[in-house]
Amino acid sequence: MALDYRKCAEEIVREIGGRENVAQAAHCATRLRLVIKDNGKINKKALENVDGVKGMFENNGQLQLIIGTGTVNKVYDEFLSVTGMTAATKDDVKAAAAAKQPAWKRALKSVGDVFVPILPAIVASGLMMGVVEALGKAIPSFSETDWYGFLDMVANTAFAFLPVIVAVSAARVFGANIFLAAVIGLMMVHTGLLNGWNVGNEEAINSFFGVTDGKIPTWNLFGNLTIGNYVVGSISRNGYQGHVIPVMIAIWLMSKIEKFLHKHVPEMIDLFVVPITTVFLTALATFVVIGPIFSLMENYVLKGAEWLVQFGPGAMVMGAIYPITVVMGLHHMYNVIEAGMLSSVGLNTWMPIASAANFAQFGACLAVGIKCRQGKLKTVAIPSSMSAALGITEPAIFGVNFRFMKPFIFGMIGGAAGALFGAITKIGATAYGVTGIPGYLTIDNIPMYTVLLLISGGVAFGLTMVFWKEDAEEEGGNEEPSKAVTSAPKALADTADFEQRTVIKSSAGEIGQSTPGKVIPYTDIPDPTFAAGTLGEGVGIEPEVGVVYAPMDGEISSVADSKHAIGISGVNDQELLIHVGVDTVEMNGDGFNTLVSEGDQVKKGQKLMEFDIDKIKAAGHPDTVVVLLTNSDDYEDVTFG
């Protein structure tokens with residue numbers, strides 16, 4: 001029996017709390033996507049039993065109802081008619097869902113949006129820094145060679161100018177001019193300022209400024225004007241190497257200033273008034289307000305750390321909060337504590353605490369890399385975890401753990417456990433500047449250090465494996481414009497030149513093999529939604545070549561924006577979904593080329609799509625071509641083979 005689209009839409013509206021409870025509505029290839037104002041008004045049990053709704057879940061602030069290809073668009077049209085709403089794009093729904101999130105979630109998302117694009121740079125630099133530092137410690141003579149100097153320069157560049165990279169990425173997220181943002185980032189690491197990593201190093205301060213008191217000079221923009229003990233307009237002449245939060249705050253502020261000026265400055269003088277005013281006001285706020293606040297925080301962190309590490313519970317606290325100071329860009333200041341320990345007692349007992357914290361982030365990140373199904377995430381998490389194992393945690397923290405938060409917290413727990421063990425056993429290092437695996441070169445008790453790493457990394461790894469769950473994939477939910485195929489698949493004829501044997505048969509008709517390759521049962525498709533038959537029953541095909549042919553006569557009912565999925569309406573109300581690969585929506589159309597459009601009439605054997613098998617595999621996705629009769633429940637005599 002054919003689905004009553006109007007009735008389905010009316011029941012959905014009723015069970016989600018009515019029109020007044022819906023903020024936005026859109027649909028993708030198989031799902032109705034809704035942003036609900038009050039989730040407490042949803043009758044979930046009744047909603048799951050609505051005829052036409054094959055499943056439901058909440059993801060990223062959206063209520064997603066699985067309806068099926070070729071059907072969802074018709075239900076959506078009736079949904080709009082019932083509610084009186086206007087059609088929204090997936091971007092509209094995404095924005096509305098994001099606006100519903102708590103402020104802290106939106107802030108975390110902004111951090112993730114800034115750091116995801118720059119991950120390749122910091123992952124590569126992090127890994128190289130760890131290797132170069134380890135080689136320098138293992139082979140002291142190598143650290144004096146030209147090769148070491150060159151490799152050290154190559155490895156450190158991304159981190160030495162990290163504020164610039166972060167500023168450019170933040171500008172894209174906050175909608176600011178990327179070149180003005182780059183200028184702000186460059187200011188924060190200007191060569192006229194003391195390198196931020198040397199703040200607290202009296203020798204470096206004296207040498208850089210030509211002073212003898214070990215104090216960083218200031219620029220007092222308004223003379224000696226003071227409020228209490230504060231000198232108004234005083235700027236400490238130090239840079240912000242290694243800092244990320246101050247940079248992001250500065251660029252967010254810059255975006256607000258720039259947008260305000262564009263609205264209020266006459267177009268005739270906009271070109272030169274807006275840039276200079278934006279840069280000046282942002283620079284002033286950054287160096288007078290934003291920067292000093294974080295400098296003050298650094299002082300408090302240092303004094304607190306020096307006091308806490310003197311006893312076990314304190315070490316445990318510092319092992320837990322150490323990664324937070326990495327996020328804030330304060331962790332380089334701990335070198336002052338380590339140097340002080342070495343000069344006073346000859347043993348650096350801070351190093352095991354830092355090492356436990358770093359190795360715990362390694363364990364959490366590695367667990368994400370092993371457990372996740374997203375190919376793109378896996379290719380980031382595994383290298384990032386290796387970098388963290390070598391003591392460079394920024395790629396793991398910013399690219400993975402902090403982005404998903406739970407792994408970050410589990411890393412903090414692991415760091416606390418390892419740091420407590422280090423304090424109890426009183427192990428220490430004879431140098432500073434290295435943690436993780438390279439720490440073996442300086443530690444005074446290798447067996448106990450090994451146990452410390454196993455505890456910290458193991459606790460974080462175990463907690464992440466057990467309690468962290470990957471968000472449900474938004475199939476068909478491409479949020480970016482699709483891209484053309486960049487490498488063509490093997491060329492075949494416009495009509496099938498292989499035998500399209502029947503793979504799905506029912507009283508409604510026969511459906512042929514859409515792609516050359518080995519046919520497997522739908523239950524063996526490497527995706528739980530497809531394998532469970534939630535979207536209908538059918539078959540999977542392990543493709544031999546990158547081409548899809550029409551398996552029956554019919555009309556193209558849908559073409560995914562990301563070009564990886566096509567819906568076909570056939571005779572006798574057959575609704576077919578052809579979905580190339582698993583999670584390939586993440587590829588945003590790269591490697592796919594559709595040859596038909598919605599509404600086209602097609603004949604069996606007509607070429608519908610070309611796809612690049614190598615690109616799918618390189619992206620870490622299964623390349624199985626999924627062919628499902630999405631309304632298979634309407635027929636009692638469906639067979640597969």
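This passage describes the overall make-up of a predicted model and then looks at some of its helix contacts and individual residues.

The protein chain has 641 residues, of which 54% are buried. Its secondary structure amounts to 21 helices and 21 strands. The chain exposes about 27,700 Å², and 59% of that area is supplied by carbon and sulfur atoms. Contacts that reach across the sequence are well represented: of those between residues at least 6 apart, 72% join residues at least 24 apart.

A convenient place to begin is the N-terminal part of the chain. Helix α1 covers residues 5–15, and E15 belongs to it. The axis of α1 comes within 8 Å of the axis of helix α3 (residues 72–83), and the two cross at roughly 60°. An angle between 35 and 65 degrees falls in the oblique class, and α1 and α3 are therefore oblique to each other. Their crossing is right-handed. On the α1 side, the contact is made by Y5, R6, C8, A9, E10, I12 and V13, which meet K74, V75, E78, F79, S81, V82 and T83 of α3. By residue class, this contact consists of eight nonpolar, two polar and four charged residues.

E15 itself deserves a closer look. With a relative accessibility of 13%, E15 counts as buried, because the cut-off for that class is under 20%. Beyond its neighbours within four places in sequence, E15 is in contact with K41, I42, N43, A46, L47 and V50.

A second helix pair is formed by α9 (residues 178–187) and α11 (residues 245–264), whose axes lie 11 Å apart and make an angle of about 140°. That angle makes α9 oblique to α11, since the roughly antiparallel class takes in angles over 145 degrees. Like the pair described above, α9 and α11 have a crossing with a defined hand, and here it is right-handed. The contact brings L180, A181 and I184 of α9 against A250, I251, M254 and E258 of α11. Six of the residues in this contact are nonpolar, none is polar and one is charged.

Helix α11 also contains L261. This leucine is buried, with a relative accessible area of 12%. Leaving out residues up to four places away in sequence, L261 touches D270, V274, T277 and T278. For L261 and T278, the separation is 17 residues along the sequence and 8.0 Å between C-alpha atoms in space.

Further along the chain, helix α17 (residues 394–404) is mostly covered, with nine of its 11 residues buried. The buried residues are E394, P395, A396, I397, F398, G399, V400, N401 and F402. The axis of α17 comes within 3 Å of that of helix α18 (residues 406–425), and the crossing angle is roughly 95°. This makes α17 roughly perpendicular to α18, as angles from 65 to 115 degrees are placed in that class. In the contact between the two helices, I397, N401, F402 and F404 of α17 meet K406, P407 and F408 of α18. The residues involved comprise five nonpolar, one polar and one charged. I397, N401 and F402 thus appear both among the buried residues of α17 and in its contact with α18.

The link between these two helices has a backbone feature of its own. M405 lies in the loop between α17 and α18, and its phi is positive, at about 65°, although M405 is not a glycine. Most residues other than glycine have a negative phi, which makes such positions worth a glance in the structure.

A further example is found at N588, in the loop between β16 (575–580) and β17 (592–594). N588 is not a glycine either, and its phi is positive, near 55°. At 13% relative accessibility, N588 counts as buried.

How values were computed
Residues numbered from 1 in each chain as written. Predicted model: local features only at pLDDT ≥ 70, side-chain atom pairs only at ≥ 80, totals over all residues. Heavy atoms only, no water. Helix = DSSP H or I, 4+ residues; strand = E, 2+ residues; numbered from the N terminus. Buried < 20%, exposed > 50% of the residue type's maximum accessible area, 1.4 Å probe, protein only. Contact = heavy atoms within 4.5 Å. Areas by Shrake-Rupley, 256 points an atom, 1.4 Å probe, with all protein chains shown as cover. Axes fitted to C-alpha atoms, helices over the stretch in contact; angles between N-to-C directions. Left-handed = near helix turned anticlockwise from the far one by under 90°. Nonpolar A, V, L, I, M, F, W, Y, C, P; charged D, E, K, R; others polar.
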